[in-house]
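Biologist: Hi! Could you pull up the model so we can walk through a few spots together?
Modeller: Sure, here it comes.

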Amino acid sequence: MNDAAYASVVAPPRPVPDADVAALGESMVTFLPSRPGRLADVPSFRRAIGGAESNVVCALAAFGHPARWVSRVGADGFGDHLVERIAGYGVDVTAVRRDPGRPTGVYFRTAGDRGTGAHEVAYYRAGSAASAMSVRNVDLAAARAARVLHLTGITAALSAQCRELLYELTAPGPGRPPVSFDVNHRPGLWRDGEGADVLLELARRADLVFVGEDEAAHAWGTTGGPAAVRRLLPEPRVLVVKEGARGATAFTPDRPDGTFQPALRTAVVATTGAGDAFAAGFLSATLRGLPVEARLKHGHLFAAAALTTPGDLAAPPARDHADRLAALDDGAWGRLRLGPGWTRAEQAEEEANIP
């Protein structure tokens, strides 16, 4: 038996895709402060949800894509809340499993942006149900039965078994869908000093990679702009380097030198979740077969929805609204000014003509 015939016998067949995107990772119940100030001084909090991977599929489902979330949550009220809220966006949650022995993770944060010294986050995720995800207790078939599987580096940082799970899902083979990977380098989650190497290996195994220019510098010491990141990561078919408020550059097979698209100017309410939203917008446009400039523009539009919303998760603009804005020429795109509430479709013409 030759190698190809042997592989066809022993390798699991790829499940028939029944979703555009499946995402695997931890989501937590988020407690947002009632007013600015230190956690010690905030008198009350509003409950919300947050999780890099679930943020992506919620945005995609709200935009009309069949999307699935694969994870584990506790058999508790917070787990109920997460599953119900994420399902409320139209996401398939049938592959979410309950863990009777571990809790659902929660966290509290202050109102300030993550980048400021005054920002505080208190995580209660150690020993959570999601941190115990492994190749033995998650629905691998459900994760693979999608046109794209979206993963992030956060999951790899949660535990050794989570890391093993990501290696399994990114391993090359006929049963693996195209993998989208957001590096999402969170230094505070990596306690063994191996984070940079693990994230680099996972990124090199993916087909589409999202990474911030600042992340690449912090994790891998890569400086010199997007081109330097591409030299470090030549393997992914598509590499998107996010350059903060400046914009983003995408490297594709037909544009090997990169395509830059400036970001939109927005009245920023909070930056949390903007990177997840960008990934969702770029993935949506990719699944729809749009050119790379439109993919980047949709990424920026989804990110602008998150930037002008206080929580971790923001509904994207309606599809016809987003398509209309993404079709603007460079001059009109540069004149856009987006503030809270801009995603209401009736405002599209007004926004497009701001001098």
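**Contacts, burial and helix packing**

Modeller: Let's start with Leu287: setting aside neighbours within four places in sequence, Leu287 is in contact with Asp20, Val21, His65, Arg147 and Val148. Bear in mind that this is a predicted model.

Biologist: Thanks! Which helix is Leu287 found in?
Modeller: Leu287 belongs to helix H10.

Biologist: And is Leu287 buried or exposed?
Modeller: Leu287 counts as buried, because its relative accessibility is 13%, and the cut-off for buried is under 20%.

Biologist: What separates the C-alpha atoms of Leu287 and Gly51?
Modeller: They are 22 Å apart in space, with their positions 236 residues apart along the chain.

Biologist: Back to H10, then. At what angle do H10 and H11 pack?
Modeller: H10 (residues 274–287) and H11 (residues 292–307) pack at about 145°, and their axes are 7 Å apart. The crossing of H10 past H11 is right-handed.

Biologist: Which residues meet there?
Modeller: On the H10 side they include Ala277, Phe278, Gly281 and Phe282, and on the H11 side Arg295, Leu296, His298 and Phe302 are among them. By class, this contact has 12 nonpolar, five polar and one charged residues.

Biologist: New topic: which residues of H7 are buried?
Modeller: In H7 (residues 195–205), the buried ones are Gly195, Val198, Leu199, Leu200, Leu202 and Ala203.

Biologist: What do the buried residues of H7 pack against?
Modeller: Their partners are helices H5, H6, H8 and H9, along with strands S9 and S10.

How values were computed
Residues are numbered from 1 along each chain as its sequence is written. This is a predicted model: local features need pLDDT of at least 70, side-chain atom pairs count only at pLDDT 80 or more; totals for chains, interfaces and linings use all residues. Side-chain values use heavy atoms; hydrogens and water are left out. Axes are lines fitted to C-alpha atoms, for helices over the stretch in contact, and angles run from 0 to 180 degrees between N-to-C directions. Helices (H or I, at least four residues) and strands (E, at least two) are DSSP runs, numbered from the N terminus. A crossing is left-handed if the near helix is turned anticlockwise from the far one by less than a right angle, and right-handed if clockwise. Contact means heavy atoms within 4.5 Å. Ala, Val, Leu, Ile, Met, Phe, Trp, Tyr, Cys and Pro count as nonpolar, Asp, Glu, Lys and Arg as charged, and the others, Gly among them, as polar. Buried means under 20% relative accessible area, exposed over 50%, partly exposed in between (1.4 Å probe, protein chains only).
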